[in-house]
Amino acid sequence: MSNPHIRMELPGPKARAMIARDTLVASPSYPRDYPFVISHGRGTEAWDVDGNRFLDFAAGIAVCATGHAHPAVVAAVREAAGKFLHISSDYWHEGMTALAERLAALAPMGEPVMSFLCQSGTESVEGALKLARYVTGRQRIIAFLGGFHGRTMGSLALTSSKYTQQAGFSPVMPGVTHVPYPNIYRPLFAGSDQGKAVLDYIRMLFERNLPATEVAAIVVEPIQGEGGYLVPPDGFLAGLRDICDEYGIFLVFDEVQSGVGRSGRMFACEHSGVRPDIMTLAKGLGSGLPIGAVVAKRRIMQQWKRGAHGNTFGGNPLCCAAANTTLDLVRDQYAANAAKVGAHFMARLKELAKSYSCIGDVRGRGLMLGIELIKPDGGPDRPLVESMLHRGYHNGVLLLSCGVSTLRFMPPLCVTEAEVDEAVVLLRKSLDEALAGPA
Ligand SMILES: Cc1ncc(COP(=O)(O)O)c(C=O)c1O
């Protein structure tokens, strides 16, 4: 059965013409997988310039939290744009203060917090690093293998989900020690408790190699995103909290991808009940408008002196309007929808795994789900993932990968069960074609 929404051989003529123009003038560094050229979107649907309709299960890399062009978000941005486009973070305005208040009301710290607004995930991580170093007076940072935190020199030093991300850019910020992230499906340590093994490893480092008194922060994704959509085992985040408390280290949760409802709760760390000292946000926060935030316990952030950190665009009124509306929608409906539809999607993927032995693992939380594709010998099947990205596109569903061989699904948080079912049909078709070999 072919998808009635795909009207032609892809890419269509308009998409081909645009990409030909773009190839001459745009950086080739963008890691683009297939030639989708958007014309417009609505909710979970997106149309290309040739009029083909796709289900968007990539959501602009987990950004379009409320779907494409949510009417309430668009109206809030329009209204803000009619008043002023920019004033800078050297001044005050209602939207900016209201956003910091919303973040204070929602933050998982269990005590008063303050926020510093910026434009992206990488900047929020840079801000967290600077805050942790400034306040503790310590230099070293612990991060995790497979982690992704951004591509500027500080956050890049933490990033290690693919070797290409650091290749050619050394020296990045010094002082970072990477430790394994617990992986239940592909355990690195002996024994059944991978979380405890990593915690023991960190304690061993403190005894032998790394002075704990020099460590400013442990920076961790509560669900590892780019590294493969890994959900840590129970007790792992709590164990990190204990280590941080014991040694006066700040626990930083990078919720850039997992936050703002994606996991089925407002923040992924809420599944564990563990409270960070500092949290970073971006991606879904503005439903597509570029905004990030460093959210920290007030007693930590208030130690930043005037001028210690700043920016020009932080708190942009259009971005704040989008973020305020997004947070209200996610708090009131979409986090719950992510939990409900995510559970349905997870069940459908587990069902799919029963008919396809190339699906080695199904994992994730809420609408942050992935399937690890494997070869008959159990090893990662990267070529199959690449083939699936292309087949998915040709069949009308936009997908991305993560980790070594994981196909990931992060649709808008407003996705319906019917749309998930439609995507699963397209996935099945794509799997059948990909397994049959080159067309
Ligand atoms: C967990 C995490 N942190 C930080 C970033 C960097 O965000 P940005 O691309 O907005 O700089 C990402 C991006 O994928 C991410 O997934």
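This passage describes the ligand site, one helix and several local backbone features of a predicted model.

The ligand site comes first. Twelve positions are listed around the ligand: Ser120, Gly121, Thr122, Phe148, His149, Gly150, Glu221, Glu226, Asp254, Val256, Gln257 and Lys283. By class, this shell holds two nonpolar, six polar and four charged residues. Phe148 and Val256 are in the shell, and both count as nonpolar. Its charged members are Glu221, Glu226, Asp254 and Lys283.

Three short distances link protein and ligand atoms. A polar atom in the side chain of Asp254 is placed 2.7 Å from a ligand nitrogen. A backbone N or O atom of Gly121 is 2.8 Å from a ligand oxygen. The side chain of Gln257 also takes part, with an N or O atom 2.9 Å from an oxygen atom of the ligand. Taken alone, the ligand exposes 390 Å², and the protein buries 83% of that area.

Helix α3 was examined for length and for the placement of its buried residues. The helix covers residues 71–83, which makes 13 residues. At 1.5 Å a residue, the expected span is 18 Å. The expected value takes 1.5 Å times one less than the number of residues. The C-alpha atoms at the two ends are 19 Å apart, so the model agrees with the expected span.

The buried residues of α3 are Val73, Ala76, Val77 and Ala80. They lie on the same side of α3, because they cover an arc of only 95 degrees around the axis. An α-helix has 3.6 residues a turn, so residues three or four places apart point the same way. On the other side of α3, Arg78, Glu79 and Gly82 are exposed.

Backbone geometry was considered next. Most residues other than glycine have a negative phi, and most peptide bonds are trans. Two cis peptide bonds are described here. One joins Leu10 and Pro11, with omega about -10 degrees. Pro11 sits in the segment before α1, a helix of residues 13–25. The other runs from Ser170 to Pro171, with omega near -5 degrees. Pro171 belongs to the loop between α6 (153–158) and β6 (176–179).

Positive phi values occur in helix α2, which spans residues 59–62. Ile61 lies in this helix and has phi near 60 degrees. Ala62 is also in α2, and its phi is near 65 degrees. Neither residue is glycine. Their exposure was assessed as well. Ile61 has a relative accessible area of 38% and is therefore partly exposed. Ala62 has 4% relative accessibility, so Ala62 counts as buried. The cut-off for buried is under 20%.

Two serines complete the account. Ser430 lies in helix α12, residues 417–436. Ser430 counts as buried because its relative accessibility is 0%. Ser430 and Glu372 are 58 residues apart in sequence, and their C-alpha atoms are 15 Å apart in space. Ser27 is located in the loop between α1 and β1, a strand of residues 38–42. At 37% relative accessibility, Ser27 counts as partly exposed. Its side chain makes a polar contact of 2.8 Å with the side chain of Ser29.

Key:
Residues numbered from 1 in each chain as written. Predicted model: local features only at pLDDT ≥ 70, side-chain atom pairs only at ≥ 80, totals over all residues. Heavy atoms only, no water. Near = heavy atom within 4 Å. Polar contact = N/O pair within 3.5 Å; in protein donor to acceptor, adjacent residues only side chain to side chain. Areas by Shrake-Rupley, 256 points an atom, 1.4 Å probe, with all protein chains shown as cover. Helix = DSSP H or I, 4+ residues; strand = E, 2+ residues; numbered from the N terminus. Buried < 20%, exposed > 50% of the residue type's maximum accessible area, 1.4 Å probe, protein only. Arc of directions from axis to C-beta.
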